[in-house]
Amino acid sequence: MQNFKIINKKSTIYLKFPTIFPLQQVSFFSTSPELSNKQRFEYFSRTIPSDHYQVKAMVEIVMRMGWSYISIIYEESNYGVKAFEELEELLGEKGICIAIKEKLVKDSGVAVEKQYDSIVQKLLTKSRARGK
């Protein structure tokens, strides 16, 4: 076996065998854009689109609403962090500024109320971070 990689908990445990023994894998819930890399995941297919399209839709919503200054709260997970990174890049390309970037603890049940209060207080300091 050449390598073994966990893409994310809900996604796929992907086994990449040497090309002598290719193993086709089809997933119905793996959405990580990382899995679209056919050089790394030559034998991987999915039945749903990549998260890339969800991020593009978020940018489109922000643009259609006429917002140019927003805040983002995302989950501390592979899904949340990767989506945030792509969202931040696409928003920057469109000239949309991010006022506040806040990462939530992966399992929201673990965070204490004080942490949520802190995020809300930060959001309140940027009252212009919303639509026109």
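Contact here means heavy atoms within 4.5 Å. The model shown is predicted.

**View 1. Helix H1 spans residues 51–65.** H1 has 15 residues. At 1.5 Å a residue, they should span 21 Å. The end C-alpha atoms of H1 are 21 Å apart, so the expected span and the model agree. After H1 comes Gly66. The phi of Gly66 is positive, near 80°.

**View 2. H1 has a buried side.** Asp51, Val55, Val59 and Val62 of H1 are buried. These four residues cover an arc of only 90° around the axis, so they lie on the same side of H1. What covers the buried residues of H1 includes strand E5 (69–75). Helix H2 (78–93) is also part of that cover.

**View 3. The other face of H1 carries exposed residues.** This face is turned away from the buried side of H1. Tyr53, Ile61 and Arg64 are the exposed residues here.

**View 4. The largest nonpolar core has 13 residues.** Those with the most contacts inside this core are Ile70, Ile72, Leu87 and Leu91. H1, E5 and H2 are the elements that give two or more residues to the core. H2 gives the most, with 5 residues. In soluble globular proteins, nonpolar side chains tend to be buried together.

**View 5. Leu91 is among the residues with the most contacts inside the largest nonpolar core.** Leave aside the neighbours of Leu91 within four places in sequence. Leu91 is then in contact with Val59 and Val62. Further contacts of Leu91 are Ile70, Ile72, Ile96 and Ile98.

Notes:
Residues are numbered from 1 along each chain as its sequence is written. This is a predicted model: local features need pLDDT of at least 70, side-chain atom pairs count only at pLDDT 80 or more; totals for chains, interfaces and linings use all residues. Side-chain values use heavy atoms; hydrogens and water are left out. The expected span of a helix is 1.5 Å times one less than its number of residues. Buried means under 20% relative accessible area, exposed over 50%, partly exposed in between (1.4 Å probe, protein chains only). The arc is that of the directions from the helix axis to the C-beta atoms. A nonpolar core is a set of buried Ala, Val, Leu, Ile, Met, Phe, Trp, Tyr and Cys residues joined through side-chain atoms within 4.5 Å.
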